[in-house]
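Trainee: I am new to this structure and would be grateful for a close look at a single part of its interior. Please choose one residue, explain its surroundings, and then work outward from there.

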Amino acid sequence: MSLVVIGNFDGVHRGHQAVLRSVAELAAARDLSPKLFTFEPHPAVTLGRPAPALLTTLERKRELCARFCPGIELVVRRFDRAFAEQSPATFVERVLVAELHAKAVLVGDNFRFGRDRAGTIDDLQRFGREHGFTASAEPMVSDDSGAWSSTRIRAAIAEGDLAAARDMLGRPHMLSGPVVAGQRRGRTIGFPTCNLASPPEALPPNGVYAVLVDRVEGGTPHALAKGVANLGLRPTVDDGATEPVLEVHLFDVDADLYGAMLRVHLIEGLRPEQRFSSFDALRAQIQADAERARAILDSVAHPDGAWH
C-alpha cells in the first residue's frame, strides 16, 4: 500500500520540500510506500499552451525528491489528451486505486484533477471514503510576496533575480549539459572555456555570472571548480549564434572535459553581456570578471562533495 503525493514538482522548491517532508513522516507513521505521481511533458503542452521554462530535468527532480523523502518512487505518467480527458472518478479508480494502491493521498491546497480540472480536494476526500484511502491538502508555504511557486521562481530567474530564486529554491538555480566543442577562441586569449549548448533549464538574462560547477560521473555529482560563466550570443566573436551558449571558465582546472556532463550553479550575476571593440578589451574585462567572481565565491559556504 502507498502514500501518493501528486504534482509536477518542477524545481522541488522549498514549498515542495515541506510537502515531501510531510510525506516522509506520514509514510513512516503508517508504514506506507511513498510515491510521487508526476507528469511528462508538462500538462500545458497537451492542453495547447506554451510549456513553462523548466527548472529541473526529470533526473534532477528524482534526485532532489529522494533527498527530502528518502525512498520515494517517482511514477511518471505521460500527460496526453486521453489522460487529460479522464473524469475525476475515472482518475481515482484507474490511477490512485487500481494502479498505485493508495491508502493515503497528499496534494497541495490548490489541487484540481480530472477533465477541465473539475475535481476538488472535497471530491478527492469523498472518493477516498468510497475507496478506502484518506486525502489531505498541504497548505502552500509563502512569504511576504506570496506563495512559493515554480511560476514565481521562473519569473525571478527571467528577471535575473538569482537571490530571490535561491531563497525560494533553497539552493542556487542550476544549468546543466554536456561539454561540446567550441571555436577555442577563449584559449587563445588565456581563458579556455567549457561550452554547454542550449541547457534545458530556465535561462536568466544574457550576461556574466559567478558560478560553482559539478561534474556528473556515473550519475553522481562531484564538485569540480569555481568559475565565471558567460551566457549569451557572444557578440564580440560575432559568429552568427542565434541560441544562447553557456561558456564556463573554470578556475584552477586544466583538463579535457569534452563530453563531460556538468552542472553549473548560478551564484551571482556580474554584468550584462556586451560587445567589445577588440579581443584585447574582451580579455581585460574577462580578467576583471574572474577576479570579482573569485572574491564572491571565496565567501560562499559549500557542503562536502558536490555543490548541490
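Mentor: Two residues are in contact when heavy atoms of theirs lie within 4.5 Å. With that cut-off in mind, let us take I6, which lies in strand β1. Please note that the model is a predicted one.

Is I6 buried or exposed? A residue counts as buried when its relative accessible area is under 20%; I6 has a value of 6%, and it is therefore buried. Leaving aside residues up to four places away in sequence, I6 touches F37, F39, F91, L96, V105, L106, V107 and F111. The backbone tells of a similar meeting of distant parts of the chain: the C-alpha atoms of I6 and T38 are 6.2 Å apart, although 32 residues separate the two in sequence. Such links can be set beside a figure for the whole protein, where 74% of the contacts between residues at least 6 apart in sequence join residues at least 24 apart.

The next step is from the residue to its group. The largest nonpolar core has 23 residues, and I6 is one of the six that touch the most other members, together with F37, F91, L96, V105 and L124. At least two residues of this core come from each of β1 (2–6), β2 (33–40), α4 (81–84), α5 (88–99), β4 (102–108) and α6 (121–131). Which of these gives the largest share? It is α5, with four residues. Apart from this core lies another, made of 19 residues and including L162, V179, A229 and L257.

Strand β1 also leads to an open space. Among the elements that give two or more residues to the lining of the largest pocket is β1, along with α1 (14–30), α2 (43–46), α4, β4 and α7 (150–158). This pocket holds about 1200 Å³ of space. Its lining is made up of 44 residues, of which G7, N8, N110, F111 and R117 are the closest to its centre. One of these, F111, has already appeared as a residue that I6 touches. By class, the pocket lining comprises 20 nonpolar, 13 polar and 11 charged residues.

A little further along the chain stands F9, in the loop between β1 and α1. Its phi is positive, about 55°, although F9 is not a glycine. F9 counts as buried, because its relative accessibility is 6%. D252 offers a useful comparison. Its phi is also positive, near 60°, and D252 too is a residue other than glycine; its place is the loop between β12 (245–250) and β13. D252, however, is exposed, with a relative accessible area of 69%.

Two helices show how buried residues are arranged around an axis. In α3 (residues 58–68), R60, K61, L64, C65 and F68 are buried. Why do they lie on the same side of α3? They do so because they cover an arc of only 130° around the axis. Among the elements that cover these residues are α1, β2, β3 (73–78), β8 (174–178) and β13 (261–272). The second helix, α8 (residues 162–169), has L162, A165, M168 and L169 as buried residues. Seen down the axis of α8, they fall within an arc of 130°, so they line one face of the helix. A general rule applies here: an α-helix has 3.6 residues a turn, so residues three or four places apart point the same way. The buried residues of α8 pack against α1, α7, β10 (207–217) and β13. Just after α8, G170 has a positive phi of about 80°.

Residues from both helices meet again at an enclosed space. The largest cavity has a volume of about 70 Å³, and its lining includes R60 and L169, together with L55, T56, T57, R171, P172, H173, M174 and E201. That lining has four nonpolar, three polar and three charged residues.

Finally, these parts may be placed within the whole. The protein contains 10 helices and 13 strands, and its C-alpha trace spans about 75 × 40 × 40 Å along the principal axes. Of its 308 residues, 47% are buried, and I6, where we began, is one of the buried residues.

Notes
Residues numbered from 1 in each chain as written. Predicted model: local features only at pLDDT ≥ 70, side-chain atom pairs only at ≥ 80, totals over all residues. Heavy atoms only, no water. Core = buried A, V, L, I, M, F, W, Y, C linked by side-chain atoms within 4.5 Å. Buried < 20%, exposed > 50% of the residue type's maximum accessible area, 1.4 Å probe, protein only. 1 Å grid on protein atoms, 1.4 Å probe; cavity = no way out; pocket = protein on both sides within 12 Å on 5 of 7 lines; lining within 4 Å. Points joined across faces, edges and corners; volume = space filled by probe spheres on them. Nonpolar A, V, L, I, M, F, W, Y, C, P; charged D, E, K, R; others polar. Arc of directions from axis to C-beta.
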